[in-house]
Amino acid sequence: MRAIELHRDAGAYALGVLGTVDTCRFEEHLAGCSACVVQVREFGPVVAHLAAYAHLLPPGGVPRPAGRP
Ligand SMILES: [Zn+2]
């Protein structure tokens, strides 16, 4: 995997949605990439907000706007 592709995984890593292999690859990349360290750190509040919002959702997921099936 090229470094530019690993840079793109910062958000997915912060959200914890990478698979085991990709997590290991990204963590190796993260050890030497200060830009990704900053990105992962900046995703922290976003992850916290998403987690808080997820607790507000009804069972089954995101409510649909009125009038839409
Ligand atoms: Zn990087």
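A residue is called buried if 20 or more other C-beta atoms lie within 10 Å of its own, exposed if 12 or fewer, and partly exposed in between. Keep that in hand for the exercises below, which work through a predicted model.

**Exercise 1. Find how many helices and strands the chain has, and in what order they run.**

Step 1: The secondary structure comes to four helices and zero strands.
Step 2: Reading from the N terminus, the order of elements is α-α-α-α.

**Exercise 2. Work out how well α4 is covered, and place that beside the figure for the chain.**

Step 1: Take the 21 residues of α4 and count the buried ones: the count is one.
Step 2: Helix α4 is therefore hardly covered, given that a residue needs 20 or more C-beta neighbours within 10 Å to be buried.
Step 3: For the chain, with its 69 residues, the buried share is 7%.

**Exercise 3. Check the span of helix α4 against its number of residues, then look for a kink.**

Step 1: Helix α4 covers residues 34-54, which is 21 residues.
Step 2: At 1.5 Å a residue, and using one less than the number of residues, the expected span is 30 Å.
Step 3: The C-alpha atoms at the ends of α4 are 30 Å apart, so expectation and model agree.
Step 4: Now follow the helix to Gly44, where there is a kink of about 30 degrees. The proline Pro45 comes shortly after this kink.

**Exercise 4. Classify Arg41, Arg8 and Leu6 as buried, partly exposed or exposed.**

Step 1: Arg41 sits in helix α4. Arg41 counts as exposed because it has 11 C-beta neighbours inside 10 Å.
Step 2: Arg8 belongs to helix α1. Its 13 C-beta neighbours inside 10 Å make Arg8 partly exposed.
Step 3: Leu6 is also part of helix α1. With 18 such neighbours inside 10 Å, Leu6 is partly exposed.

**Exercise 5. For each of these three residues, give the C-alpha distance to a partner elsewhere in the chain.**

Step 1: Arg41 pairs with Ala14: they are 27 residues apart along the chain, and their C-alpha atoms are separated by 8.0 Å.
Step 2: For Arg8 and Cys36, 28 residues apart in sequence, the separation is 8.8 Å.
Step 3: Leu6 and Leu30 lie 24 residues apart along the chain, with 8.7 Å between their C-alpha atoms.

**Exercise 6. Decide which elements have the lowest and the highest mean pLDDT.**

Step 1: Start with the chain, which averages a pLDDT of 86, with 90% of the residues scoring at least 70.
Step 2: Among the elements, helix α1 (residues 3-8) has the lowest mean, 78.
Step 3: Helix α3 (residues 20-30) has the highest, 95.

Definitions and conventions
Residues numbered from 1 in each chain as written. Predicted model: local features only at pLDDT ≥ 70, side-chain atom pairs only at ≥ 80, totals over all residues. Helix = DSSP H or I, 4+ residues; strand = E, 2+ residues; numbered from the N terminus. Bend = angle between axes of the 7 residues up to and from the residue. pLDDT = per-residue confidence, 0-100.
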